[in-house]
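I opened my notebook to look up how two of the chains meet. My entries follow the order in which I checked things.

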4 protein chains.
Amino acid sequence: MIIVMQKNATEVQVQHVLEFIATMGLKSHPSYGEERTIIGAVGETRGREGLQLIAHLPGVEKTVPIMTPYKLASREMRAADTVVCVGRVAIGGPDFVVMAGPCSVEGEAQTNESAFVAQKGGADVFRGGAFKPRTSPYSFQGMEAAGLQLLRQAGDRVGLPVITEVVNPEDVDLVESSADILQVGARNVQNFALLKKVGRCRRPVMLKRGMMTTLEELLMSAEYILAAGNPDVILCERGIRTFETATRNTLDISAVPVLKERTHLPVIVDPSHAAGHARYVLPLAKAALAAGADGIMVEIHPCPEQALSDGPQSLRPEVFYRLMDEIRFMANLLRPALRRAS
Amino acid sequence: MIIVMQKNATEVQVQHVLEFIATMGLKSHPSYGEERTIIGAVGETRGREGLQLIAHLPGVEKTVPIMTPYKLASREMRAADTVVCVGRVAIGGPDFVVMAGPCSVEGEAQTNESAFVAQKGGADVFRGGAFKPRTSPYSFQGMEAAGLQLLRQAGDRVGLPVITEVVNPEDVDLVESSADILQVGARNVQNFALLKKVGRCRRPVMLKRGMMTTLEELLMSAEYILAAGNPDVILCERGIRTFETATRNTLDISAVPVLKERTHLPVIVDPSHAAGHARYVLPLAKAALAAGADGIMVEIHPCPEQALSDGPQSLRPEVFYRLMDEIRFMANLLRPALRRAS
Amino acid sequence: MIIVMQKNATEVQVQHVLEFIATMGLKSHPSYGEERTIIGAVGETRGREGLQLIAHLPGVEKTVPIMTPYKLASREMRAADTVVCVGRVAIGGPDFVVMAGPCSVEGEAQTNESAFVAQKGGADVFRGGAFKPRTSPYSFQGMEAAGLQLLRQAGDRVGLPVITEVVNPEDVDLVESSADILQVGARNVQNFALLKKVGRCRRPVMLKRGMMTTLEELLMSAEYILAAGNPDVILCERGIRTFETATRNTLDISAVPVLKERTHLPVIVDPSHAAGHARYVLPLAKAALAAGADGIMVEIHPCPEQALSDGPQSLRPEVFYRLMDEIRFMANLLRPALRRAS
Amino acid sequence: MIIVMQKNATEVQVQHVLEFIATMGLKSHPSYGEERTIIGAVGETRGREGLQLIAHLPGVEKTVPIMTPYKLASREMRAADTVVCVGRVAIGGPDFVVMAGPCSVEGEAQTNESAFVAQKGGADVFRGGAFKPRTSPYSFQGMEAAGLQLLRQAGDRVGLPVITEVVNPEDVDLVESSADILQVGARNVQNFALLKKVGRCRRPVMLKRGMMTTLEELLMSAEYILAAGNPDVILCERGIRTFETATRNTLDISAVPVLKERTHLPVIVDPSHAAGHARYVLPLAKAALAAGADGIMVEIHPCPEQALSDGPQSLRPEVFYRLMDEIRFMANLLRPALRRAS
């Protein structure tokens, strides 16, 4: 951490800061310039609450952190890519992974049909929501436990591992018992009680970035799960909230190279929630692949007009098949090149 | 809801939409213009999932909702202001309410001293965090149950009701048993499992707006609590996330008149979290009062340099006393005028 | 335009609105629902100032525009893609166009060397700034007229057309006399005096989206140029301003499919300004191509450490050559597919 | 400026940075920590383009600026408040200044009537737009030169100085010849050609913050005007663009205390453009006063239903009179207190 003193800071104020740093068990390196004094504080600064108070000491203009606040999630801690394995699927490895399925599990027929479409199209993982976080209390809230069972059965029937969202710490054990990957949704990215709980379970966790979450905060939330003992964390960019209203959210495509640089964890892109319109999903899926993402998650529905949630952004089966054709064609050509480039 | 058909929509497509509306149990009012057809769908539309699918039907260009998606929280439902009473304190009535206390309960001495300062300054409610939602897993996470007890004792000692945050549905019963008001923090504004749980408890709930939550979404989250049976909801504006970095968040002062217009629920402003710097708290507190808020929540600490969290934005006792003098002076002059104006 | 009346609007108020619509020369289509009345106003509404006043009439709750406010820029007006030709380069056609060059023209050697690198790498257009809009008055403001001349000479030497920014209406004639394409920068996207002026010149204009400009506003700014008589407008997405600070701006990759849907004008992406770091330019350039952009503009510099502006985001020659290899490889494979898909 | 070296930076890389700093004419102060080396670069750094290139040198992780990039606008340069005098009106002094008038000058009767209302209500300055920057080329663009004349005559008739916007450097001389204060609008806050031009004129300039402009950038734009020789700059906060759509823009009320701390220039708030709805103008005007602003600018119209621009946010005469009563009442009570507090 660097401490910048005010232009007119007194020598007594500087001494006060140096003593404060010493009592925190850190070493200080002051530089006395003509205009002002600058002090470096060196040592283990993570989790040292007191450090932020330095900004409050008399004579201090501002403080500047040097180290990233996350540790286990960082590339410095682990240079090699983490590959999360679920059955035969390896997320974060050379293959471009596709997770597909309906927004919500709505019933047996719809779930089975969706699983069939996902498998026929060549998806690697089947998705579906049983617990739905909805803005309105009057909206469909999901089939809950019954939905989990339908999802599991549909996945087994077509031979695909399943991913589903968990929204309440109380439900983690139940969801863990029937899903292969647990998803923490965008609205819960800083639900720390939930993060700690999924950090203690034995299934991989896909953590979605919140609409308002910086990449650094996303990595801090991943750190909660890693620090609780679960090494299998997958990150997911799904669009952030901006002033632009042409799309439901703004897909932050730059998040892909930035995250791949800073962390060893796999990075998935969800173009469906970012776009909010089925017709933009294909170009955004291709962009995600081109930018270096490890995979995508897309919403499909056998009949989007009848979906109980997110119908407008769900792909019809024939559109999904075309997306898979184009994505597989591109991935075969680009992934080897991407590997070499990295 | 209004449905705007595409310029080149066919008569068959228009019929299809009209039938869809009828199957939803709604009445339709088509207007056939020269350029395009516009259809109004009238009836109870809240909680009707299917309606959003109309946007997906062939020939439809867009749909426009007419009614607010919240109901119990709306002024249309209840014209008179809701006044939430906690002991002798009435939130949402003619008095301007001040909630003050430390960010975190850190120990007995600090809590008692803070409560003494709050009471001496003339605060109405004592605040303090026992369960802390922190960005980093390595930061102080709060004293939890022990902290709740210290808070309760300190409040009782100075005769002030207490407010504290709850972050996990599993802790709601515990927090309800020792606090007078439960707070749902900004990061949990769309933690629907938590909202449902506090909606079933018998204590008032103060719901903070999230950093990227629209006012409509805030009202929808309040609706979750109201719909679960708890009528005593207090809203709190605490700054939203924008591109500006001079302050920790951007206090959306316009939220005050907008919320007072749309809902009957009391509106509190938290200038401490919005500003992130103690020196901006006083002008923002005054602005909140002038804009028509029902009260403020401010962070104080007997010694901000030693605070375990949010020290830089906490007020020293003498600064808090000055704030209270200026606020009480202004409130005495303005509140009657505000009443008349509304 | 649709007018939604308040729940308790009187019949007199509805009549007042109907008369107001009639005096504007439009036809009205009222729908009388049980809860409220909705009125459609049909006819040519573009440029009808008075229409927005309807929102202000007694009894009106809100108004909803139906038509896009731009006309010449819209796909409805012209279904086929506009192809802007500059010498042998066709922007908006089947080829993926690359514009490359230094942020600023700094001197003869640097300009000639940059042009050589651009041409050797296979760029189609040579870029360079002679008039520089800089945040600080103390920063290098560009070589102005002398810079224009160096740019022209360097372009001619390597046989590439040149593009350069114009910041002042007074300079449009001068810039038009020596550049092949005029660029209007992000900060001038709503400098209407400048837009009108370039709308009257005979050279193509590349219009950059502002940091906080919606896509609709960008199209309205393009409409200014088109309405003034210049049909050769190229749009450029270069990142918007959001809360995320990991990149200089947030590249709104969804802007590509949204713009390609709404307008016939070519769409270029500038990954250099969006990212702000040279190391993210290649993945973002690929994403732009994959999403369907018609080309990219990238900053290169023979020696970025010595650049007078934007050094950190400029590509070294060898990195640029690699980018061109990868982009050309991808474009050869994907562009035919993109064409078929559209 | 502080340079933070990478964890694994070599001694040669550190030496390279030290030499680079020396060639820029600055002194360096390296601190060799156990984990990494940190280097302070001290001296006059404003306008030193080369400095940003340090971030690009091998082994450098990041650089951190220490000094504010503006100089003439800073409180460090001038501790006392700047008071801009226009006739008998002193902006930035003890009185709270009110500027009022219509968005656009639309004709003689409307202008005279508006001036009469402004004067009768007790405004200090009369505003009105002759050159209008409009999003759409099809919207009313202002009466231009004729409008300037009407504005001048109306101001003279009621004895109020006038303020009006200038949008084109070519018009500065014309506007200067008939207005008392020139306004640079939000969309032109980084139109540097215009800033330079108004910096050379002899009238005070009110500079509005852009929708996308940070406070630091606003101060840099003010610096352009000051550096060109014009000391009479007034800043105006008018709302920034965020995700919230309940108001036209989000009034950044915190800008008031932040600017008053950082600069000696007067700060005005425009609640009309921020809110976009007449009914929110009064509470926001009061909030501006309470937060310490030096004045407000509000839009009024004798008959908002007939306004050619911004009708919905314009105040009717009787509402304006009430606003003035409440504002004057508050200002009389609070301004002395505000003075003492600062």
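How many residue pairs are in polar contact between chain A and chain D, counting those with both at pLDDT 80 or more? I was working with a predicted model, and for that pair of chains I found a count of zero residue pairs in polar contact, with both residues required to be at pLDDT 80 or more. I then looked for salt bridges across the interface of chain A and chain D, and there too the rule finds zero.

Next I asked which elements of chain A supply the side that touches chain D, and I noted that strand 1 (2-5), strand 2 (27-32), strand 3 (37-42) and strand 4 (60-64) each supply at least two residues. Strand 2 of chain A gives the most to that side, with four residues. Sorting the side of chain A that touches chain D by class, I wrote down ten nonpolar, four polar and nine charged residues.

For the extent of the interface, I recorded that 23 residues of chain A are in contact with 23 residues of chain D. The area buried between chain A and chain D is about 2000 Å², and carbon and sulfur atoms give 62% of it.

Finally I compared the two copies, and a rotation of 180° with 0.1 Å of shift along its axis superposes chain A on chain D, with an RMSD of 0.1 Å. That is the relation of a two-fold axis. In chain A, the C-alpha nearest the axis belongs to A:F243, at 2.2 Å from it. I also noted that 100% of the interface residues of chain A are interface residues in chain D as well, so the copies meet through the same surface.

How values were computed: Residues numbered from 1 in each chain as written. Chains lettered and ligands numbered in written order. Predicted model: local features only at pLDDT ≥ 70, side-chain atom pairs only at ≥ 80, totals over all residues. Heavy atoms only, no water. Contact = heavy atoms within 4.5 Å. Buried area = accessible area lost by both parts, 1.4 Å probe. Salt bridge = Lys/Arg side-chain N within 4 Å of Asp/Glu carboxyl O. Polar contact = N/O pair within 3.5 Å; in protein donor to acceptor, adjacent residues only side chain to side chain. Nonpolar A, V, L, I, M, F, W, Y, C, P; charged D, E, K, R; others polar. Least-squares fit on C-alpha atoms with pLDDT ≥ 70 in both.
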